[in-house]
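I opened my notebook to look up a few things in this structure. My entries follow.

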Amino acid sequence: MTDTGLFRSAGLRFAVVYAVLLAASAAALALFLWWATAGLLDRQTEAAIRADAQGLSERWTEGGLPGLIVTIEDRLTQNIDDDAIYLLVGPGMQRLAGNLERWPGSISDAGPWYELPVRRAGMRSLARVQSYDLPGGYHLLIGRDVQVRAQLRTLLTDALLWALVIVGGMATAGALVVRGLFRSTLANVSATAGAIAAGDFTQRVKLSGRGDEFDQLAEVINEMLDRIGRLMDGVRQVSNSIAHDLRTPITRARTRLEDALLHADTPCTLRAAIERATMDLDGIVAVFQALLRIAEIEAGSRRSAFARLDAAPLLESVAELYGAVAEERGVTLAANLPAVLPGYGDGALIQQAVANLVDNAVKFSPAGGTVRLDAAATPLGLRIIVADNGPGIPALERGKATERFYRGEAARSTPGSGLGLALVQAVAQLHGGELALEDNRPGLRAIMALPTPDNQDA
Amino acid sequence: MTTRMPQRRVPVGLLRAALCLGFILVVAPGPVTGQTAVEVTTDTPEYCLHLLDMVSTMVRQAEQPPPREITDLSSEGQRMCDHGQTRGGIMRLRKALALMQRSGD
């Protein structure tokens, strides 16, 4: 992998982020520990020196130079902790009181804190001191021996250092593990995508079984692939159906035109052949129009025309239209419709879907049969039922009945394109509802349920 | 009181110095003075004798004999100073002085 590729690696970025966060957290913890231990000791020392300085300042104000000298000597005498450092010098830096042999040359300014090396009983030690300027050119140095605290700070520093080294190692190891997990997970998805791109649509992303976020992602991807597969199968099936169903009328039209071209001996015969061929071609156009209509409905573009409506007059219109057709066939169309059927959706589409259902029912009902059209407004929405006494659809084929170009065995001998129920299904789905096909014992009962959302504005 | 620190390896020393520097910048600001150590004069045998004289003077001036604890501390401090354990002896003599002052109060 090139340098550029290395920096583009998301796995590496995740690993680096993990390592940096862990190291930063450890550093922050170490800093806090330092502040709460060694820092606390330093702050206590400084507070003691400030309090000492305040007391000596008061003695200077009350007793002047002699009083200050006595106080310093007293405090040295009473310093059981053996850590006090004092030095009072005059304007010529001559030593007046205290336990330092001379004023340190490196301490010139009053105010800052100094780390002063001192020698105690022949041993080197360390003191933390602060200088104060007194009136008259006098200078006072106050401090504490912090050698023990410095050693403690050294030990603490060592411990924190080793802790940081260990954390650094753990961060590195953890980063490598994170990177490995990330790469292995993505490798699974990548391999599946590669196989599908190569044409093997049966491949799916493997699940680890842990049910974690990666498994959820894999499930979503697999569901997406399944849906794509179903859509591809549908497209393939529709393509095949179009080719199969249209071949016959196109061939028939061609044959009639060819026959007329060869054998028609009068204009009248030729006109009749052309009219029959035109009718065949009109049937083909009607099939394409129906396909385009279904595609338009499935695209959802008609949803913008949804509004509150009263479906009762729409269904009455359908019943009236098909009542005459049914009568011609010797079938009774019984409509049981309430006066008002409040609903929500596209009235024209709903009317067309119901018309398709009634048309099918009338077409497949035997003479003397009855087609029932019932509708009701329920709390869940519109419920429209069309039932007939025809041959019905076998239970095993009902699932396929709403596919495009489906033609059951009983429908082979009747005219039709096999797109009626597909359109009804598309209309139901567009409205968020569903189409159910049931056995009417005998016959078929089609139930179209169209929900009415409570919060939809008219 | 001193504690001899164990020998450190160079890399650890360098890392420790770097870490110390970082911490010092945060929690312990302040310059470190030059390397010439200044002698502390209260760790010397002379100061030990000075404290012993103070204890003796206070014992003599006291109206009542001092408690045994004070005499023990004084004797122990004197003995440690005589044997070169100056800082230990001074510490005990300071305690003896503090107890004398407390009993006088």
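I began with A:Glu101, which is partly exposed at a relative accessible area of 42%. Its side chain meets that of A:Arg102 in a salt bridge, 3.9 Å from N to O. A:Arg102 is partly exposed too, at 32%. I kept in mind that this is a predicted model.

Next I looked up salt bridges in general. The search of the whole structure gave 25 over all chains. In chain A, I noted A:Glu62 with A:Arg59, at 3.3 Å from N to O. The two are three residues apart in helix α3 of chain A, so about one helical turn separates them. A:Glu62 is exposed at 60% relative accessible area, and A:Arg59 is partly exposed at 30%.

In chain B, I found B:Arg92 bridged to B:Glu76, with the closest N and O atoms 3.2 Å apart. B:Arg92 sits in helix α4 and B:Glu76 in helix α3 of chain B, so the pair ties together parts 16 residues apart in sequence. I also logged one network of salt bridges that share partners: A:Asp82, A:Arg120, A:Asp145, B:Asp43, B:Arg87 and B:Arg94.

Then I turned to cavities. How many of 30 Å³ or more does the search find? I noted one. The largest cavity holds about 70 Å³ of space. Its lining has four nonpolar, no polar and five charged residues. Among them are A:Asp42, A:Glu115 and A:Arg128.

Last, I checked helix α6 of chain A. Its 33 residues should span 48 Å at 1.5 Å a residue, and the end C-alpha atoms are 47 Å apart, which agrees. Its buried residues pack against α5, α8 and α9 of chain A. A:Gly300 follows the helix, with a positive phi near 85 degrees.

Definitions and conventions:
Residues numbered from 1 in each chain as written. Chains lettered and ligands numbered in written order. Predicted model: local features only at pLDDT ≥ 70, side-chain atom pairs only at ≥ 80, totals over all residues. Heavy atoms only, no water. Helix = DSSP H or I, 4+ residues; strand = E, 2+ residues; numbered from the N terminus. Expected span 1.5 Å × (residues − 1). Contact = heavy atoms within 4.5 Å. 1 Å grid on protein atoms, 1.4 Å probe; cavity = no way out; pocket = protein on both sides within 12 Å on 5 of 7 lines; lining within 4 Å. Points joined across faces, edges and corners; volume = space filled by probe spheres on them. Nonpolar A, V, L, I, M, F, W, Y, C, P; charged D, E, K, R; others polar. Salt bridge = Lys/Arg side-chain N within 4 Å of Asp/Glu carboxyl O. Buried < 20%, exposed > 50% of the residue type's maximum accessible area, 1.4 Å probe, protein only.
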